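Visitor: Could you take me through one part of this fold in some detail? I'd like to hear about a helix, what packs against it and how its charged side chains pair up.

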Amino acid sequence: MIKIFIDTNTKESTEKSICQYFNVDPIVLHQLFYKISLGEKPKLKEYVNFIQKYKNNKRIDYVLFNHLSRRLNSSSEYNGVENLRELLTTENAISCFLHEHSISFELVDEHIGMKYKGKDILLEEDYRTKASRLKVRLGYIKGYLDYCVNGFLFKEFLNGNDYYRRLHDAPEFISDLGYYFNDKTIVEDYERNSQFYCFQYNIPLPKIQFDALNIDTKIVEDDKEVILLILVLDWLYFSNYNNYCDNDNVVIRLLDSDRIEEKYFIKKEKLV
């Protein structure tokens with residue numbers, strides 16, 4: 001059975017793929033974008049009408065998931081991705097690296113406890129600004145978790161994204177630790193012993209979570225396939241009318257408890 005996905009590597013591949021999915025000529029797509037540019041009807045309504053008119057019985061099985069990762073050289077052969085909770089509380093390249101800097105973690109009740117040189121770091125009693133980010137990432141905020149693996153829907157223009165620049169030297173969490181402990185060697189050692197990559201995966205659509213969308217999900221009845229199609233159409237619209245910003249890429253993620261298995265791996269690209 002052929003598995004269907006929208007090829008969101010480039011603007012050209014995205015347009016070709018979405019036209020194949022709807023079985024329409026590119027001119028039909030550009031007629032939609034022209035109508036939207038006139039502003040006679042709400043953009044979302046135009047997208048929904050287009051999808052309802054041309055959507056067929058084909059179901060989208062997978063989503064192209066672009067994951068930016070500064071990966072330690074000691075784990076360069078591994079192509080899966082763990083969530084933050086797994087990375088910190090199990091033995092792996094990241095936790096071993098942190099042990100070398102006298103930092104360790106363990107599960108404590110509903111959050112992740114941190115130790116430095118064998119002593120507990122009581123973040124719940126630390127009200128400094130630089131502790132705030134760690135509290136969020138380690139599950140100290142009741143009802144809010146941020147352990148998830150995230151990525152981008154579109155490959156093109158990724159190197160102009162702010163997130164790309166933040167991850168260039170080290171993962172965000174490693175940078176957060178360096179800032180908290182006022183120890184620049186944590187980030188420097190990580191950068192020196194790692195390589196920056198863009199990993200690509202084909203992730204089953206049901207596993208994908210869409211956050212912070214400027215879409216009334218009631219209109220699309222929380223249908224992930226329709227949401228995905230709207231996001232793709234909207235990205236193509238802005239790309240065609242030169243209104244696209246590098247930071248307009250769509251962030252997608254997995255559940256906080258989920259991870260990316262190697263079986264979903266497509267390829268990885270070294271970044272500079």
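Guide: Sure. Let's begin with the charges: this predicted model holds 17 salt bridges. One of them joins R133 and E172, whose closest N and O atoms are 3.4 Å apart. That pair ties together distant parts of the chain, since R133 sits in helix α6 and E172 in helix α8, 39 residues apart. The pairing doesn't stop there: R133, R166, E172 and D176 are linked in a network of salt bridges.

So α6 is the part to zoom in on; the helix covers residues 129-137. Its buried residues are K130, A131, L134, K135 and R137. They all lie on the same side of α6, because they cover an arc of only 165° around the axis. Look at what covers those buried residues and you'll find, among others, α4 (84-89), β3 (111-116) and α8 (172-180). Helix α8 therefore turns up twice, as part of that cover and as the home of E172, the salt-bridge partner of R133.

How does R133 itself fare? With a relative accessible area of 32%, R133 is partly exposed, because anything from 20% to 50% falls in that class. Just past the helix, α6 is followed by G139, which has a positive phi, near 85°.

One more stop, at β3, which is part of the cover over α6 and spans residues 111-116. K115 forms a salt bridge with E106, with 3.9 Å between the closest N and O atoms. E106 is partly exposed, at 38% relative accessibility.

Key:
Residues are numbered from 1 along each chain as its sequence is written. This is a predicted model: local features need pLDDT of at least 70, side-chain atom pairs count only at pLDDT 80 or more; totals for chains, interfaces and linings use all residues. Side-chain values use heavy atoms; hydrogens and water are left out. Buried means under 20% relative accessible area, exposed over 50%, partly exposed in between (1.4 Å probe, protein chains only). Helices (H or I, at least four residues) and strands (E, at least two) are DSSP runs, numbered from the N terminus. The arc is that of the directions from the helix axis to the C-beta atoms. Contact means heavy atoms within 4.5 Å. A salt bridge is a side-chain nitrogen of Lys or Arg within 4 Å of a carboxyl oxygen of Asp or Glu.
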